[in-house]
Amino acid sequence: MRAAVLEKPGRIQMKELPDPECPPGGLLVRVTHAGFCASDLKMWRVGHKDLRPPRVLGHELSGFVVESGTDLWPKEPAERVALWPGIPCCSCPACLRRQPHLCSNIQVMGFHRDGGFGELVAVPENTLSVGGVRRLPERLTSAVATLGEPLACCLNAQSKIGVGPGDRVLVFGAGVLGRLHERLARAKGATRVVLVDTDPKRADDPKSAIVADPNSEGWMDEVRNRLGGGADAVIPACSDPVALEWGFSLLDRGGRIAFFSGLGSRGSFHLPEHDRIHYQEWLVAGVYGCSPMHFHEALTLLAEGSIDVSDLLTHSVSLKEMELGFQLMEEKRSLKVILTHGGSHDTDLGD
């Protein structure tokens with residue numbers, strides 16, 4: 001098969017690799033679409049704590065089953081699927097309480113194992129056994145299905161901090177994840193949702209209430225005016241620690257905040273003092289990844305059209321254009337970039 005192999009940070013090349021074998025009890029899937037994630041960009045630039053190079057990246061993927069290693073999944077011709085990328089151990093306490101994304105031994109396609117930036121991917125039995133492979137309904141395109149994993153991560157976060165009807169929600173970062181958070185919060189019944197981003201180019205979006213230039217005088221007052229007070233829920237969908245400081249400043253009494261993004265090398269953040277959290281009754285929740293349950297719910301929302309993502313898939317690249325895909329992300333000239341195996345057209349984002 002052909003695959004884009006990250007040999008080391010900063011060096012990715014298209015190569016011919018042996019086809020992976022269908023794992024016993026698992027599936028072999030031909031990948032048609034794979035999304036570029038900020039984690040992929042980070043791995044391309046500086047690596048990642050869970051990356052084991054050389055590696056085929058790509059953990060937001062869809063395709064169709066070409067071989068089955070289990071009677072539990074009878075192979076149908078060209079059956080389209082989307083994959084939750086986790087590979088849990090299925091025996092640790094987290095797995096036994098049906099939270100495989102918190103598995104202490106979890107591996108992830110595109111991090112520890114080869115992922116969707118290759119034409120074929122081997123899906124282990126443990127991923128299949130926890131419901132990590134989902135058949136796609138006709139009304140959901142394979143390209144849009146690649147948003148299932150990032151939307152599932154948003155679902156996990158908003159579930160943790162209980163976003164619901166009547167909430168005033170503040171999201172930092174108007175990238176793909178920030179916009180998914182914004183739209184998901186509205187779908188959950190939040191009455192007021194405000195996005196904050198430091199890039200003025202992102203303010204010109206009629207679909208989102210984006211506040212640009214948070215360094216300008218009075219921007220917090222503008223946010224409070226739009227929210228009608230403090231925020232009930234704050235979600236920093238970016239890795240800048242200052243967003244956490246701003247988030248706590250704008251959090252109302254009884255508010256909830258999700259630590260959704262890792263800070264990596266961008267700095268550190270110290271929680272407000274104990275008594276401030278105590279007297280304000282703030283809830284602080286750490287969130288990372290998603291479970292197969294969140295993934296299933298995300299695909300259902302996408303299939304129903306409950307979350308409008310029509311403007312988020314902006315670019316499609318081929319295996320030969322992987323560096324272009326990363327550059328589009330890094331220079332913020334795109335929202336979601338998709339690898340389309342077998343072709344590259346900016347407007348060819350369907351099936």
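How do α5 and α6 lie to each other? Hello everyone, let me start there and then walk you around the rest.

A word on the source before the answer. This is a predicted model, in which local features need pLDDT of at least 70, side-chain atom pairs count only at pLDDT 80 or more, and totals for chains, interfaces and linings use all residues. Residues are numbered from 1 along each chain as its sequence is written, and side-chain values use heavy atoms, with hydrogens and water left out.

Now, the pair of helices. Helices (H or I, at least four residues) and strands (E, at least two) are DSSP runs, numbered from the N terminus. Two packed helices are described by the angle between their axes and the distance between the axes. The axes of α5 and α6 come within 9 Å and cross at roughly 55°. Axes here are lines fitted to C-alpha atoms, for helices over the stretch in contact, and angles run from 0 to 180 degrees between N-to-C directions. So α5 and α6 are oblique to each other. As for the cut-offs, angles under 35 degrees count as roughly parallel, over 145 as roughly antiparallel, 65 to 115 as roughly perpendicular and the rest as oblique. The crossing of α5 and α6 is right-handed; that is, the near helix is turned clockwise from the far one by less than a right angle, while anticlockwise would be left-handed. On the α5 side, P150, L151, C154, L155, A157 and Q158 meet L177, L180, H181, L184 and A185 of α6. Contact means heavy atoms within 4.5 Å.

There is a second pair to look at. Helix α7 (residues 219–227) packs with helix α8 (residues 241–250) at an angle of about 50°, their axes 11 Å apart. That makes α7 oblique to α8. W219, M220, V223 and R224 of α7 make the contact with W246, S249 and L250 of α8. This crossing, too, is right-handed.

Let's move inside. Which residues touch the most other members of the largest nonpolar core? They are L140, L151, V169, L180 and V309, out of 47 residues in that core. A nonpolar core is a set of buried Ala, Val, Leu, Ile, Met, Phe, Trp, Tyr and Cys residues joined through side-chain atoms within 4.5 Å. Buried means under 20% relative accessible area, exposed over 50%, and partly exposed in between (1.4 Å probe, protein chains only). Among the elements that each supply at least two residues of this core are α5 (148–160), β11 (168–172) and α6 (176–187). Apart from this core lies another, of 42 residues, with F36, L51, M109 and V317 among them.

F260 is worth a stop. You will find F260 in the loop between β15 (251–259) and α9 (274–280), and at 13% relative accessibility F260 counts as buried. Not counting residues up to four places away in sequence, F260 touches residues including C154, A157, L177 and H181.

Next, two helices with a buried side. In α11 (residues 322–330), M322, G325, F326, L328 and M329 are buried. Seen down the axis of α11, these buried residues fall within an arc of 155°, so they line one face of the helix. The arc is that of the directions from the helix axis to the C-beta atoms. They pack against β1 (2–8), β2 (11–16), α1 (38–45), β17 (313–317) and β18 (336–340).

And α1 itself? Its buried residues are D40, L41, M43 and W44. Down the axis of α1 they fall within an arc of 160°, so they line one face of the helix. What covers them includes β1, β2, β3 (27–35) and α11.

A few backbone details to finish. Just after α1, G47 takes a positive phi of about 90°. A little further on, a cis peptide bond joins P53 and P54, with omega about -5°; P54 is in the loop between α1 and β4 (55–56). R98 has a positive phi of about 65° although it is not a glycine, and R98 is exposed, with a relative accessible area of 74%. K332, just after α11, also has a positive phi, of about 55°, and at 39% relative accessibility K332 counts as partly exposed.

Thanks for listening!
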